[in-house]
Amino acid sequence: MNRHITRFLLGVVAALLLAQLLSLPARSAIPQSPAPSLAQISDPFSAGLTHYSAGRYAEAIEAWQRSLTDPRRDRPLDQALVRVHLSLAHQHLNQWPAAQQQISAALALIPASPIAAARDVLGKAQLAQGNLLWHQGSPTEALETWRQAEATFAALNDLDNQLGCRINQARALQTMGFALQAADTLEATAPLLQRPAVSPQARAAGLQNLGRTYRQLGQLMAARSLLEQSLAIAPEPSRSPILLELGNTALAQAKRARATGQAEATWATQAQVYYQQA
């Protein structure tokens, strides 16, 4: 399985799951952030979020383990949410048995209830479980789990996490060799991207993945247009993957020009510029 794709999927799951809690943009490369304040240290859950967003996954795990015994987090749903985050942190460290243990424990704590809070935690657990299945070499099961998560978030009108589920599904379909189905999934997502409630980072991620799919299908001008739209609204920390994809698209245009006897220099130069910026 392509290492870059699996890391991308983990980033999508984690960033979209945590974005609302952290008020931070989704990102691929996470810069270091300041150590947690005294107020955050007094709340292990918040301290764990700070560590996680800075890429300090071992410290996040330590904080969230403390949160499991925090009286403020003693309700089953709170315990389940903490364990979902623990699973994601363990996944970042390739600690798969621990990640499986935490997500199984989380799912066991979530009641079968139509209450929005329970459905929200269930959807986040399904997102994390799908990512774990993907890493364990079960793409078909991961795809189905992400579809279940999408249905859960759709019932809550949670557009950002719906988009995250669709993106994961499309990437899974692409990797499994179903490029046309991946394109259909993303094209059906396009109307969601235009809704005002969608965050800029979720919209940028959707446009980026739709552009990548069009490139892989050979529709290079459409791909370039979508990627440029993505770049225009993407937060600064998440621009590098879009620039890289723009470089790949320009390179594909240069190769097509050469194959058809047309001038390729302009496209090749653009590809080099995008790669340097990325």
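**Entry 1: a glycine and the helix before it**

I began at glycine 218, which follows α11 and has a positive phi, near 85°. Then I stepped back to α11 itself, in this predicted model. For its 17 residues I expected a span of 24 Å at 1.5 Å a residue, and the end C-alpha atoms are indeed 24 Å apart, so the two values agree. Is α11 enclosed by the rest of the structure or not? I found 14 of its 17 residues buried, so α11 is largely enclosed.

**Entry 2: the whole protein**

Next I zoomed out. I counted 14 helices and 0 strands. Reading along the sequence, I wrote down α-α-α-α-α-α-α-α-α-α-α-α-α-α, which was a quick line to fill in!

The protein has 278 residues, and buried ones make up 51% of them. I also looked at contacts between residues at least 6 apart in sequence: 57% of these join residues at least 24 apart. For the surface I noted an exposed area of about 12,600 Å², with carbon and sulfur atoms supplying 55% of it.

**Entry 3: how far to trust it**

I checked the confidence before going further. The mean pLDDT is 83, and 85% of the residues reach 70 or more. Where is confidence lowest, and where is it highest? The lowest is helix α1 (residues 3-22), with a mean of 40, and the highest is helix α6 (residues 96-109), at 97.

I marked residues 1-41 in my notes, as pLDDT stays under 50 there. The model still has 91 contacts beyond four places in sequence for that stretch. My reminder to myself: where pLDDT is low, the predicted coordinates should not be read in detail.

**Entry 4: the cores**

I then went looking for nonpolar cores. In soluble globular proteins, nonpolar side chains tend to be buried together. The largest core here has 25 residues, and Leu127, Trp146 and Leu163 have the most contacts inside it. Which helices supply at least two residues each? My list reads α7 (116-135), α8 (139-155), α9 (159-175), α10 (179-193), α11 and α12. The largest share, 6 residues, comes from α9.

There is also a second, separate core of 24 residues; Leu49, Leu86, Ala89 and Leu122 are among them.

**Entry 5: aromatic rings**

I counted 4 aromatic pairs. In one of them, the rings of tyrosine 52 and tyrosine 57 have their centres 5.3 Å apart and their planes at 75°, so I logged the pair as edge-to-face. Both of these tyrosines are buried.

Another pair is tryptophan 134 with tryptophan 146. Why does this one count as tilted? The centres are 6.1 Å apart and the planes are at 35°, and an angle that is neither under 30 degrees nor over 60 counts as tilted. Tryptophan 134 lies in helix α7 and tryptophan 146 in helix α8, so the pair ties together parts 12 residues apart in sequence. Tryptophan 134 is buried, at a relative accessible area of 0%, and tryptophan 146 counts as buried at 0% too.

I also noted a cluster: ring pairs link Phe45, Tyr52, Tyr57 and Trp64.

**Entry 6: helix α8**

Having met tryptophan 146, I looked up its helix. α8 has 17 residues and reaches 24 Å from its first C-alpha to its last, close to the 24 Å expected at 1.5 Å a residue. Its buried residues are Ala142, Leu143, Thr145, Trp146, Ala149, Glu150, Thr152 and Phe153. Just after α8 comes asparagine 157, with a positive phi of about 55°.

**Entry 7: helix α13, and back to the start**

Last I turned to α13 (residues 239-259). Its 21 residues should span 30 Å at 1.5 Å a residue, and the end C-alpha atoms are 30 Å apart, which agrees. Which helices do its buried residues pack against? They pack against α11 (200-216), α12 (220-233) and α14 (265-277). Among the buried residues of α13 are Ile242, Leu246, Ala250 and Ala257. Just after α13, glycine 261 takes a positive phi of about 75°.

Arginine 256 is in α13 and is partly exposed, with a relative accessible area of 44%. Beyond its neighbours within four places in sequence, arginine 256 is in contact with Gly218 and Leu220. That took me back to my opening glycine: arginine 256 and glycine 218 are 38 residues apart in sequence and 9.6 Å apart in space, C-alpha to C-alpha.

Key
Residues numbered from 1 in each chain as written. Predicted model: local features only at pLDDT ≥ 70, side-chain atom pairs only at ≥ 80, totals over all residues. Heavy atoms only, no water. Helix = DSSP H or I, 4+ residues; strand = E, 2+ residues; numbered from the N terminus. Expected span 1.5 Å × (residues − 1). Buried < 20%, exposed > 50% of the residue type's maximum accessible area, 1.4 Å probe, protein only. Contact = heavy atoms within 4.5 Å. pLDDT = per-residue confidence, 0-100. Core = buried A, V, L, I, M, F, W, Y, C linked by side-chain atoms within 4.5 Å. Areas by Shrake-Rupley, 256 points an atom, 1.4 Å probe, with all protein chains shown as cover. Phe/Tyr/Trp six-rings, centres within 6.5 Å; stacked < 30°, edge-to-face > 60°.
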